Amino acid sequence: MERFFAKIGNYVIAGLSNAGHGTMLLRAIFRETPHIWKMRREVLVQMHVVLIGSMPLVIVTSVFVGAVTAVQAVYQMQALVPMKFLGVMISKTVFIELGPVLMALVVGSRLCAFYAAELGTMKVTEQLDAMNIMAIDPVRYLAMPRFWASVLMIPVVTIFADAVAVFGGYTISVMTLDISSGVFIEGLQLFYKHSDILGGLIKSVVFGGIIALSGIFNGFHTQGGAEGVGHSTMTAVVASCLSVLVADYFLAIILFQIIFQK
Amino acid sequence: MKVEYNIPPPPDQKVADPTAFSGIVIEGVSKSFGPKQVLTETDLLINKGETLVVIGRSGEGKSVLLKHIVRLLEPDAGRIWVEGEEISEMEMSELMEMRKKFGFLFQGAALFDSMNVCKNVGLMLEEHSGWSMDKIKDRACECLALVGLTDSDDKLPSELSGGMKKRAALARAIVMEPEYILYDEPTTGLDPITGDAINDLIIKLQKELGVTSIIVTHDMASAFKVADRMAMLSRGKIVFTGTVDEVRNTDHPMVRQFIEGNSQGPLGAF
């Protein structure tokens, strides 16, 4: 029993320690942000990694998310809700929740794993030490460009994913669910609020930060060899996914129960 | 039957006033990783302009000692002065300035995978010199020529052999004309001819640029060739220091066992 509580205690201490170190890393990234213009080439390279590299994944995921949402919405609405509300149901679900969260989980996992594995390999092969010896701060040279690339590009990916998902829902509705094009498009415009898209985008900005921070933090703290890189990559993805889901809840309260409610 | 060895006391490696010493002073440095004590109150002096070779068995903490000099590792106890400045007291900005005086050749070269050789070598100049890209490229090529890598500037590290990687890393270490160069196993894993070429380069840099070199190795042929002075690290302490001739002629049982490569002796076999 004692060992059980000791183990729990160790997890709590490790969690708090990581949260503290993560906050310090975030502070260091903000401290180095004024150098972003000097690092613009690296920021653009990382933006390319997020945006262009993720496109096939984003398109496939979003098309099927839209399609599944349409199929299941029709099933739930049968005999209860007029089909003219199908468009609004799909769009609101995608804009507010599915777009930002699924992109943060799918694209975010890809990106987070990439950052953790890349930086973790640099750590275990002493490339980070070499950078330090050269009086080049790895936070400025590596962390800051990756962080801002993620924060700026995850919302762009999300907007694109929203559009593709709605298009996927429209296509499936019209082609296989006997919903007319006019009814679906009319439904899209019903109850439309800018705050739906804005709320989703604010979420994806925060998620972009969480994803990058988790990947960079775990990469920088990698220990050992190949196994260490594997472990830190796995930890980074798990931490990123869990943090996104927890943050999603709190953002939902802040955005949709407090800010946009007024 | 257990053999008793007559091991002399460690050499005195202390100075009265470290702040007045022009080289590097390592005083009472201890470091452990988990339960493993690697360095135990280690003292060492490195004079300005000399080539000091630190020898010792694998896992004795030679690389750990080297990394403490540039504060890549923080000691659990003890202090280090570089040119009279205590590095553990330095702010990060001061430390970064101090590090510009150093070049470091890592055991595994530690070239940046994503950059070609020229960019690897020129990166420090890009960050700190304010020079034009053409001038930086010229200087990088000059350093690469110095280490015999004239046609490899646009290659990625993955396209280089082990010896070429080491030479490229050496070109990177000298690009800012450092006052100190730290070499972590510079000849390990190289064929004898490439290893000897690296030794010649170390001597050339010391003669032409007057750099202070600290070399960690267990390659005795290399050590005898490049050293002005040698220090032996064993069980976390410096157990012997002396010139090359003093090392060759010493009857210190640990040093004798090490340079003769004998499995019997006070160092043990495993």
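The dialogue below works through a predicted model with two chains, A and B, one feature at a time.

Me: Before looking at any detail, how many helices and strands does each chain have?

Reply: Chain A comes to eight helices and zero strands, and from the N terminus on its elements run α-α-α-α-α-α-α-α. Chain B, by contrast, has nine helices and ten strands.

Me: What do the overall dimensions tell me, and how should I judge the radius of gyration of chain B?

Reply: A radius of gyration is read against what the globule rule gives for the length of the chain, and for the 270 residues of chain B the rule gives 18 Å, to which the value of 19 Å is close, so chain B is as compact as a globular protein of that length. Taken along the principal axes, the C-alpha atoms of chain B fill a box of roughly 65 × 40 × 35 Å, while those of chain A fill a box of roughly 65 × 55 × 40 Å.

Me: What share of the residues is buried in each chain, and what share of the contacts with a separation of 6 or more joins residues 24 or more positions apart?

Reply: In chain A, 43% of the 262 residues count as buried, and in chain B buried residues make up 44% of the 270 residues. As for the contacts with a separation of 6 or more, residues 24 or more positions apart account for 89% of them in chain A and for 64% of them in chain B.

Me: How do I describe the packing of two helices, and at what angle do H5(A) and H7(A) cross?

Reply: In general, two packed helices are described by the angle between their axes and the distance between the axes. Here the axes of helix H5 of chain A, residues 138-176, and helix H7 of chain A, residues 194-220, come within 8 Å and cross at roughly 140 degrees. An angle over 145 degrees would count as roughly antiparallel, and H5(A) and H7(A) are therefore oblique to each other. The crossing of these two helices, H5(A) and H7(A), is right-handed.

Me: Which residues of H5(A) and H7(A) meet in that contact?

Reply: From H5(A) the participants include A:Ala143, A:Phe147, A:Val151, A:Ile154 and A:Asp162, and on the side of H7(A) they include A:Leu201, A:Val205, A:Gly208, A:Gly209 and A:Ile216. By class, the residues of the contact of H5(A) with H7(A) divide into twelve nonpolar, six polar and two charged.

Me: H7(A) also meets H1(A); are those two helices parallel or perpendicular to each other?

Reply: The axes of helix H1 of chain A, residues 2-32, and H7(A) come within 10 Å and cross at roughly 110 degrees. Angles of 65 to 115 degrees count as roughly perpendicular, and H1(A) and H7(A) are therefore roughly perpendicular to each other. In this contact A:His21, A:Gly22, A:Leu25 and A:Leu26 in H1(A) meet A:Leu213, A:Ile216 and A:Phe217 in H7(A), which gives five nonpolar, two polar and no charged residues. A:Leu213 and A:Ile216 of H7(A) also appear in the contact with H5(A).

Me: How many residues does each chain give to the contact between A and B, and which elements of chain B supply them?

Reply: The contact takes 15 residues from chain B and ten residues from chain A. On the side of chain B, helix H2 (92-99), strand E6 (102-105) and helix H3 (117-128) each supply at least two residues, and H3(B) gives the largest share, four residues. That side of chain B divides into ten nonpolar, two polar and three charged residues.

Me: At the level of single residues, where do B:Ala109 and B:Glu177 lie, and are they buried or exposed?

Reply: B:Ala109 lies in the loop between E6 and H3 of chain B, and its phi is positive, about 75 degrees, although it is not a glycine. With 24 C-beta neighbours inside 10 Å, B:Ala109 counts as buried. B:Glu177, which is likewise not a glycine, has a positive phi near 50 degrees, and its place is in the loop between helix H5 (162-174) and strand E7 (180-184) of chain B. With 12 C-beta neighbours inside 10 Å, B:Glu177 counts as exposed.

Me: What separates the C-alpha atoms of A:Glu97 and A:Asp196 in space?

Reply: Although they are 99 residues apart along the chain, their C-alpha atoms are separated by 9.3 Å. A:Glu97 is found in helix H3 of chain A, residues 86-124, and is partly exposed, with 16 other C-beta atoms within 10 Å.

Methods: Residues numbered from 1 in each chain as written. Chains lettered and ligands numbered in written order. Predicted model: local features only at pLDDT ≥ 70, side-chain atom pairs only at ≥ 80, totals over all residues. Axes fitted to C-alpha atoms, helices over the stretch in contact; angles between N-to-C directions. Parallel < 35°, antiparallel > 145°, perpendicular 65-115°, else oblique. Left-handed = near helix turned anticlockwise from the far one by under 90°. Contact = placed C-beta atoms within 7 Å. Nonpolar A, V, L, I, M, F, W, Y, C, P; charged D, E, K, R; others polar. Rg over C-alpha atoms; globule rule 2.2 N^0.38 Å. Buried ≥ 20, exposed ≤ 12 C-beta atoms within 10 Å, placed from the backbone.
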